[in-house]
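Work through the following exercises with the sequence and the model in view. Try each task before reading its solution.

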Amino acid sequence: MHRADLFLQSNQFTGAIPTTIGELGNLYNLNISDNKIAGTVPTQIGMMSKLRDASMFQNRIGGRIPGEIGYLTDLLALYLDSNRLTGPIPTSIGKLTSLVDLRLRANKLTGTIPSEVGELKNLEEIQLYQNSLTGPLPSELGLLDGLIFLYLDSNELTGSIPEEWGGMRNLEQLFLSGNNLQGQIPDTIRGMEVLQYLRASDNQFSGTIPTDMGKMLKLEFLYLEENDFDGLIPSELGELHKLQVSGPSRMDHVLKVIIF
């Protein structure tokens with residue numbers, strides 16, 4: 001049987017996603033984004049075993065993400081951002097072993113980030129910002145050595161940055177601002193050798209900035225304002241000639257923006 005695609009994006013469709021969508025067993029691409037679709041994500045979506053791309057962003061879809069979504073083991077992209085989803089991220093998301101791009105930003109999701117996300121070895125991008133997620137940063141994310149973009153800002157996350165996160169050696173952008181994170185930035189962060197953009201402002205981080213950050217030669221943007229750091233800005237950052245620093249407001253020799 002031939003593959004099928006369904007592209008209905010950027011219209012004015014209303015109502016709910018029909019439960020009969022599960023009968024589209026040969027559908028590879030589903031795009032109903034940028035409409036006015038409400039209701040919930042039907043559990044029958046788990047029957048669409050050949051689905052590669054599920055784009056349902058920018059609608060009015062509410063309710064919980066069904067656990068049956070874990071049956072979509074060939075799924076490459078899941079876009080449910082900019083909706084009204086509630087409840088936790090299901091742990092079954094860890095079964096989406098082909099997933100490359102996960103976007104759940106700008107919803108009303110609660111609960112913790114499942115540690116099972118660390119099992120998605122093909123992930124390159126995670127967008128979970130602008131939700132109400134709580135709890136610690138999963139250390140298991142450090143196993144995602146192919147991850148390039150990680151956006152967790154504007155939630156209610158707590159705890160510290162796990163030392164294991166140094167394993168994300170291909171990470172280019174890390175956004176953690178606007179949470180309740182604390183503790184020191186671990187020295188293992190130097191393992192993020194290609195990191196270009198680190199935004200950790202508006203948290204409760206403390207201690208000194210690791211001097212080994214001076215070895216992160218790709219770093220261009222560093223935002224650490226509105227935290228509880230102390231001490232001096234490390235001179236080692238002077239080795240990063242393209243770096244722009246938005247520095248901690250409580251440090252000695254306060255400089256809002258430093259360009260080396």
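Two strands pair if DSSP finds at least two bridges between them. With that cut-off, S14 and S16 count as a pair, because two bridges join them; the two strands run parallel. The model used throughout is a predicted one.

**Exercise 1. The sheet of five strands**

Task: Work out the strand order of the open sheet of five strands, and find which strands form its edges.

Solution.

Step 1. Reading across the sheet gives the order S10-S12-S14-S16-S18, and the pairing is parallel.

Step 2. An edge strand pairs on one side only, and this applies to strand S10 (134-135) and to strand S18 (228-229).

Step 3. Inside the sheet, strand S12 (residues 156-159) pairs with strand S14 (residues 180-183) in the parallel sense over two bridges. Thr158 has Asn180 of S14 opposite it.

Step 4. S14 is also joined to S16 by two bridges, and here Gly183 faces Phe205 of S16.

Step 5. Strand S16 (residues 204-207) is in turn linked to S18 by two bridges, again in parallel. Ser206 is placed opposite Asp228 of S18.

As background, strands of a sheet pair through backbone hydrogen bonds, either parallel or antiparallel.

**Exercise 2. A residue in an edge strand**

Task: Place Thr134 in its strand, state how accessible Thr134 is, and list what it touches beyond its sequence neighbours.

Solution.

Step 1. Thr134 belongs to strand S10, an edge strand of the sheet of five strands.

Step 2. The relative accessibility of Thr134 is 29%. Buried requires a value under 20% and exposed a value over 50%, so Thr134 counts as partly exposed.

Step 3. With residues up to four places away in sequence not counted, Thr134 touches Gly111, Thr112, Ile113, Glu156 and Leu157.

Step 4. For a distance across the model, take Ala77: it is 57 residues from Thr134 along the chain, and their C-alpha atoms are 24 Å apart.

**Exercise 3. The sheet of three strands and the loop after S4**

Task: Describe the open sheet of three strands, then decide whether Arg64 is buried or exposed.

Solution.

Step 1. The strand order is S4-S6-S8, with parallel pairing. S4 and strand S8 (108-109) are the edges, each pairing on one side only.

Step 2. Two bridges connect S4 with strand S6 (residues 84-87), and the two run parallel. Gly63 has Leu85 of S6 as its bridge partner.

Step 3. Arg64 sits in the loop between strand S4 (62-63) and strand S5 (77-79). Its relative accessible area is 55%, so Arg64 is exposed.

Step 4. Apart from neighbours within four places in sequence, Arg64 is in contact with Thr86, Gly87 and Pro88.

Step 5. Arg64 and Leu141 are 77 residues apart in sequence, with 23 Å between their C-alpha atoms.

**Exercise 4. Two residues with polar side-chain contacts**

Task: Find the polar contacts made by the side chain of Asp101 and by that of Gln173.

Solution.

Step 1. Asp101 is part of strand S7 (residues 101-103). Its relative accessibility is 9%, so Asp101 counts as buried.

Step 2. The side chain of Asp101 has a polar contact of 3.1 Å with that of Tyr79, and another of 2.9 Å with that of Arg103.

Step 3. Contacts of Asp101 outside its four-place sequence neighbourhood are with Leu76, Ala77, Leu78, Tyr79, Leu123 and Glu125.

Step 4. Gln173 is in strand S13 (residues 173-175). Its side chain and that of Tyr151 make a polar contact of 2.6 Å.

Step 5. Neighbours within four places set aside, Gln173 is in contact with Ile148, Phe149, Leu150, Tyr151, Leu195 and Tyr197. Leu219 lies 46 residues from Gln173 along the chain, and the C-alpha atoms of the two are separated by 9.6 Å.

**Exercise 5. The largest pocket**

Task: What is the volume of the largest pocket, and which classes of residue line it?

Solution.

Step 1. The largest pocket holds about 170 Å³ of space.

Step 2. The pocket is lined by 13 residues, and those closest to its centre are Leu8, Ile17, Pro18, Ile32 and Ile37.

Step 3. Sorted by class, the lining has 11 nonpolar and two polar residues, and no charged ones.

Methods:
Residues numbered from 1 in each chain as written. Predicted model: local features only at pLDDT ≥ 70, side-chain atom pairs only at ≥ 80, totals over all residues. Heavy atoms only, no water. Helix = DSSP H or I, 4+ residues; strand = E, 2+ residues; numbered from the N terminus. Contact = heavy atoms within 4.5 Å. Polar contact = N/O pair within 3.5 Å; in protein donor to acceptor, adjacent residues only side chain to side chain. Buried < 20%, exposed > 50% of the residue type's maximum accessible area, 1.4 Å probe, protein only. 1 Å grid on protein atoms, 1.4 Å probe; cavity = no way out; pocket = protein on both sides within 12 Å on 5 of 7 lines; lining within 4 Å. Points joined across faces, edges and corners; volume = space filled by probe spheres on them. Nonpolar A, V, L, I, M, F, W, Y, C, P; charged D, E, K, R; others polar.
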